[in-house]
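Me: I would like to go through this structure and ask, for each label, what justifies it. Please set the values against the cut-offs as you answer.

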Amino acid sequence: MKGLSNKSQTYRSADEETRKTRARYDRVAWLYDAEEYLVERLLFARWRRGLWEQVPLGHGLEIGVGTGKNLSYYPTGSRVTAVDFSPRMLEREKRHVQRLGAQVDLALMDAQHLDYPDATFDWAVATFVFCSVPDPIKGLRELARVVKPDGRIFLLEHMRSGTPLIGPVMDVLNPIAVRLNGANINRRTMKNVNLAGLEVLSVDDLSPGGIFKLISARSGWGGSAGKR
Ligand SMILES: C[S@@+](CC[C@H](N)C(=O)[O-])C[C@H]1O[C@@H](n2cnc3c(N)ncnc32)[C@H](O)[C@@H]1O
């Protein structure tokens, strides 16, 4: 883009990527639960249970809540705020909340720009989200910012395999995956978590090839913006 500084170009392309990703999720929202039905029953439900068993009480944030697949696992007695940047996904989540009669504060919001003060939440959860957040490091930093320094962050994510055979295949197939459902299959999420400054407490490898992981972390920023 002629005449613009590098900084402006970066912002423009990140905004454009965000717009495209949101539009993709809006498009697939109606099909999302059906598409995931089998894998949810065979694998994801068990992994979600494993994550939510570790979540403490208190005020929590779920980002990229989607159609509300985690809703039935929320800890009883917790106050939960749930956000997503796709209006259509959030609409389905809203219906789900109403059906279950659950108490959840819903908000349309981009994980890269969370509209909450520093250290608002006791915990935060994201499941299968950072494969599609356009700037994952920015999103992870935001997550760390809004969680209290001694609070916990749980991520259930798929990522690029570190094995020499599978990783490169995922790189080749990634553009097709993004086009089909908006999710990157070759994100280096462990590296991104470290680059964002989170303090990793544990990592559970859930599948062969190191593709699915459950990460438990602390915000690692000590509660003052100057520390990062
Ligand atoms: C693969 S779906 C996962 C939904 C849900 N977490 C689950 O476990 O089924 C990814 C979700 O993240 C949301 N998402 C992606 N990027 C986001 C962002 N920057 N801010 C907020 N939500 C985002 C999408 O709209 C979508 O609902």
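Reply: What follows takes the labels one by one, for a model that is predicted.

Me: Why is R218 called partly exposed?

Reply: R218 has 18 C-beta neighbours inside 10 Å, and since a residue is buried at 20 or more and exposed at 12 or fewer, R218 falls in between and therefore counts as partly exposed. Its place is in strand β7, where, leaving out residues up to four places away in sequence, R218 touches R152, I153, E199 and L201.

Me: Why does A45 count as partly exposed?

Reply: The count for A45 is 14 C-beta neighbours inside 10 Å, which is why A45 is also placed in the partly exposed class, whose limits are 12 or fewer for exposed and 20 or more for buried. A45 lies in helix α2, and its C-alpha atom is 9.7 Å from that of Y73, a residue 28 places away in sequence.

Me: What makes α4 a mostly covered helix?

Reply: Of the 11 residues of α4, 9 are buried, that is, they have 20 or more other C-beta atoms within 10 Å of their own. The buried residues include P136, L140, L143 and V146, and also the charged residues R141, E142 and R145. What they pack against is β1, β4, β5 and α6 (189-195).

Me: How do you know which strands are the edges of the sheet?

Reply: The 7 strands form an open sheet in the order β3-β2-β1-β4-β5-β7-β6, with mixed pairing. β3 (104-108) and β6 (199-205) each pair on one side only, and they are accordingly the edge strands. From one strand to the next the twist averages 15 degrees. Helix α2 (residues 37-52) packs on this sheet, where it touches β4, β5 and β7, and its direction makes about 170 degrees with that of β5. Helix α4 also packs on the sheet, touching β1, β4 and β5, with a direction at about 145 degrees to that of β5.

Me: What makes the pairing mixed?

Reply: Two strands pair if at least two bridges are found between them. β2 and β3 are joined by 5 bridges and run parallel, and within this pair D84 stands opposite L108 in β3. By contrast, β5 and β7 run antiparallel and are joined by 7 bridges, with I215 in β7 as the bridge partner of L155. β6 and β7 are likewise antiparallel, with 6 bridges, and here D205 has K213 in β7 as its bridge partner. The sheet holds parallel and antiparallel pairs, in keeping with the term mixed. β6 and β7 also form a hairpin with 6 residues between them, and G209 in the turn has a positive phi of about 80 degrees.

Me: Which residues have the most contacts inside the largest nonpolar core?

Reply: That core has 33 residues, and those with the most contacts inside it are I63, A124, L143, V147 and I153. At least two of its residues come from each of β1 (59-63), β2 (79-84), β4 (121-127), α4 (136-146), β5 (147-158) and β7 (212-218). Leaving aside neighbours within four places in sequence, V147 is in contact with F121, W123, A124, I153 and S219, where contact asks for C-beta atoms within 7 Å.

Me: How many residues surround the ligand, and what is their character?

Reply: The ligand is surrounded by 21 residues, of which G64, G66, F85, S86 and A111 are the closest. The shell divides into 10 nonpolar, 8 polar and 3 charged residues.

Terms used:
Residues numbered from 1 in each chain as written. Predicted model: local features only at pLDDT ≥ 70, side-chain atom pairs only at ≥ 80, totals over all residues. Near = placed C-beta within 6 Å. Core = buried A, V, L, I, M, F, W, Y, C linked by C-beta atoms within 7 Å. Helix = DSSP H or I, 4+ residues; strand = E, 2+ residues; numbered from the N terminus. Contact = placed C-beta atoms within 7 Å. Axes fitted to C-alpha atoms, helices over the stretch in contact; angles between N-to-C directions.
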